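Trainee: I would like to take a close look at a single part of this protein and follow it outward from there. Could you walk me through it carefully?

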Amino acid sequence: MIGFGILVLSFLGMEVFSWAFHKYVMHGALWNIHKTHHRRNNTFFELNDIFSLCFGSVAVILILLGLKNFDYRLWIGCGITLYGFVYFVLHDVLIHRRITRWRRPASDYLEALARAHRDHHKTDQREGSVSFGLLWVPRRYYEK
């Protein structure tokens with residue numbers, strides 16, 4: 001039961017971490033990597049995908065370190081992995097349509113999420129973006 005609690009806290013913590021990392025690092029010192037996501041391209045992979053590889057590597061390392069004793073590292077790694085999976089489905093598949101076979105299901109939440117993300121991409125510059133999180137959507141995006 002403690003492991004599940006650690007997993008949930010890790011998952012929720014990733015939303016806070018991702019918001020701050022996105023706003024202050026990706027739109028800051030590492031903008032040259034992240035800008036590939038803000039500019040239209042016709043490739044399946046973009047340089048920005050390196051962030052997913054880095055976060056995924058941290059998760060795998062934590063899982064491997066925690067497997068022997070089923071300790072907190074396993075559950076933190078699983079929480080990061082779960083967040084990464086949800087991120088992939090919501091952001092890459094449903095919003096950016098990087099896999100075009102799946103259709104975006106209709107729901108108020110997903111529509112608000114898509115609006116917030118479109119608002120984030122209104123600029124292809126480092127400054128001027130809003131809405132840096134993934135799961136938490138400000139109330140104003142629910143208004144039609």
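Is Val 60 buried, partly exposed or exposed, and what is its relative accessible area?

Mentor: Please keep in mind that this is a predicted model. Val 60 is partly exposed, with a relative accessible area of 46%, a value that lies between the 20% under which a residue counts as buried and the 50% over which a residue counts as exposed. This valine belongs to helix 3, and its C-alpha atom is separated by 18 Å from that of Phe 17, a residue 43 places away along the chain.

The helix that carries Val 60 deserves a wider view. Helix 3, which covers residues 50-67, packs with helix 4, which covers residues 72-95, at an angle of about 150°, and the two axes are 7 Å apart. Because angles over 145 degrees count as roughly antiparallel, helix 3 and helix 4 are described as roughly antiparallel to each other, and their crossing is left-handed. On the side of helix 3, the contact is made by Phe 55, Val 58, Ala 59, Leu 62, Ile 63, Leu 65, Gly 66 and Leu 67, while helix 4 contributes Arg 73, Leu 74, Ile 76, Gly 77, Cys 78, Ile 80 and Thr 81. Sorted by character, the residues of this contact comprise eleven nonpolar, three polar and one charged.

Cys 78, which is among the helix 4 residues in that contact, leads to the matter of disulfides, of which the structure holds zero. For Cys 54, the nearest cysteine sulfur is that of Cys 78, at 20 Å, whereas a disulfide would need the two sulfur atoms within 2.5 Å. Cys 78 is likewise in no disulfide, with the sulfur of Cys 54 as its nearest cysteine sulfur. As for their surroundings, Cys 54 is partly exposed, with a relative accessible area of 43%, and Cys 78 is also partly exposed, at 23%.

For a contrast with the partly exposed Val 60, turn to His 120, which is placed in helix 5, a helix covering residues 108-120. His 120 is buried, with a relative accessible area of 0%. Leaving aside neighbours within four places in sequence, His 120 is in contact with four histidines, His 22, His 27, His 34 and His 38, and also with Ser 129, Val 130, Ser 131 and Phe 132.

Terms used: Residues are numbered from 1 along each chain as its sequence is written. This is a predicted model: local features need pLDDT of at least 70, side-chain atom pairs count only at pLDDT 80 or more; totals for chains, interfaces and linings use all residues. Side-chain values use heavy atoms; hydrogens and water are left out. Axes are lines fitted to C-alpha atoms, for helices over the stretch in contact, and angles run from 0 to 180 degrees between N-to-C directions. Helices (H or I, at least four residues) and strands (E, at least two) are DSSP runs, numbered from the N terminus. Angles under 35 degrees count as roughly parallel, over 145 as roughly antiparallel, 65 to 115 as roughly perpendicular and the rest as oblique. A crossing is left-handed if the near helix is turned anticlockwise from the far one by less than a right angle, and right-handed if clockwise. Contact means heavy atoms within 4.5 Å. Ala, Val, Leu, Ile, Met, Phe, Trp, Tyr, Cys and Pro count as nonpolar, Asp, Glu, Lys and Arg as charged, and the others, Gly among them, as polar. Buried means under 20% relative accessible area, exposed over 50%, partly exposed in between (1.4 Å probe, protein chains only).
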